[in-house]
Structures are given as structure tokens and as C-alpha cells.
Amino acid sequence: MNERGFSLIEMLIVTVITVVAIGVVTSMFVQGNQLYASQRAFDEARSNASAALDMTVRVLRGAQTIQPDPDGNLVADSIRAVSDWNPRDGDTADAYEDVTFSVAGGTLFKREPADAAPVAFADRVESMAFVYRNPAGALVATPWTAVASQLAYVQVTVRSTPINGTRVTVTSSASVRRRE
């Protein structure tokens, strides 16, 4: 009987080809996981920043008065909005009718008069910045000294804390609805 199997050289060639193929597949899998993690971090950062921006702008759009710089540090990094809208009942004691937003330690805080201390509102928020414009659309350089009627528009920028090196900045604006 003439039985022939694979030679040692043939077995080595097949083994090398198999190892190379497994290495390529493993490398593609690792790169795919890294890309997925990076995209997920970006999506999470964008979601946090967008949610913080959305709620802040919603409150500002209903505001009849705003107070720039309620913490008194002469930096446009916090805001207080007052409005009788939830429901309109003649006072501003209901939820989200008198609220102050500020950022500290990577967290967006909100504070209402009934709150004993600021309440964490959104995490992974590095900063908030506010730009104020008058009714003609001109920039109000020092909003903390401006007359309330000169604060007609507010631009809000929220910047997320980095997640895996990913940082997101989102911006929106609101006009102040005053009863004058």
C-alpha cells in the first residue's frame, strides 16, 4: 500500500497561514472594539451635553427675567432664570420657575429656592458659557451690570468633560420673554 500523508513542510506552511489568518482577524476585531468604544464615548458625551443644553435653554425660553452671574464671580458661567409658567399662578414657587444653573467639578447643578443646596442635574459637563445680546442683537459685554431690558437674547454653550479623549461642545440660544 502506498499511503502518503502530509509532509512536515506542508504542515508548517498550513500552520503559518492559519496563524497569520487568525492574527489578521484578531487585529480587525480589536480595532473594531476600539472604534466602537470611541464612538460610544463620543455619543455619550454628546448626549450629556445636549441634554444639559436642552433643559437650560427650555427654562431660559420661558424666562421673564434672567440674572447673569448669580454667583457673583464676574464670569458668564452661571445664570438664574425666573418665570411664572408651571402653571401660571402669580408666583414663581413652582418647579423650574426660579432656577439657577451652574457648573462645578464636572457636574451641572440646578438650584431652586426650595433646594437646601445645589442639586446635581447632569454629569460630565465641563463648563457652561453664556453670551448676552440686547434687543438689537448687539453683544452685551458686561451683562451683570446691564439693565434687565437690555438682556434680550442668551446664547448657551455647553462643553462636556473628555471621555476617552472625546469632548463635545454644543450651542443654542433663547430669547427672554419679558412682560414689560
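Is Met28 buried or exposed, and what is its relative accessible area? In this predicted model, Met28 has a relative accessible area of 56%, and because a residue counts as exposed when that value is over 50%, Met28 is described as exposed. To find this residue in the structure, look along helix H1, which covers residues 8-61 and includes Met28. Met28 also belongs to a nonpolar patch on the surface, which it forms with Val16, Val20 and Val24, and these four residues together have about 380 Å² of accessible area.

A second residue to follow is Lys110, which is placed in strand S4, the stretch made of residues 107-111. Its relative accessible area is 9%, and since buried means under 20%, Lys110 is classed as buried. When the neighbours within four places in sequence are left aside, Lys110 is in contact with Tyr96, Val99, Thr100, Phe101, Asp115, Pro118, Val119 and Phe121. One of these residues, Asp115, deserves a further look, for its side chain makes a polar contact with the side chain of Lys110, at 3.3 Å.

The last stop is Gly137, which lies in the loop between strand S6, residues 125-133, and strand S7, residues 139-140. With a relative accessible area of 33%, Gly137 is partly exposed, because this value falls in between the limits of 20% for buried and 50% for exposed. Gly137 can also be located with respect to Ala95, since the two are 42 residues apart along the chain and their C-alpha atoms are separated by 30 Å.

Terms used
Residues are numbered from 1 along each chain as its sequence is written. This is a predicted model: local features need pLDDT of at least 70, side-chain atom pairs count only at pLDDT 80 or more; totals for chains, interfaces and linings use all residues. Side-chain values use heavy atoms; hydrogens and water are left out. Patches are made of residues with over 30% relative accessible area and no salt bridge: like charges are joined within 9 Å, nonpolar side chains (Val, Leu, Ile, Met, Phe, Trp, Tyr) within 5 Å. Accessible areas come from the Shrake-Rupley method with a 1.4 Å probe; for residues, only the protein chains shown count as cover. A salt bridge is a side-chain nitrogen of Lys or Arg within 4 Å of a carboxyl oxygen of Asp or Glu. Helices (H or I, at least four residues) and strands (E, at least two) are DSSP runs, numbered from the N terminus. Buried means under 20% relative accessible area, exposed over 50%, partly exposed in between (1.4 Å probe, protein chains only). A polar contact is a pair of N or O atoms within 3.5 Å; within protein, one must be able to donate a hydrogen and the other to accept it, and residues adjacent in sequence count only if both atoms are side-chain atoms. Contact means heavy atoms within 4.5 Å.
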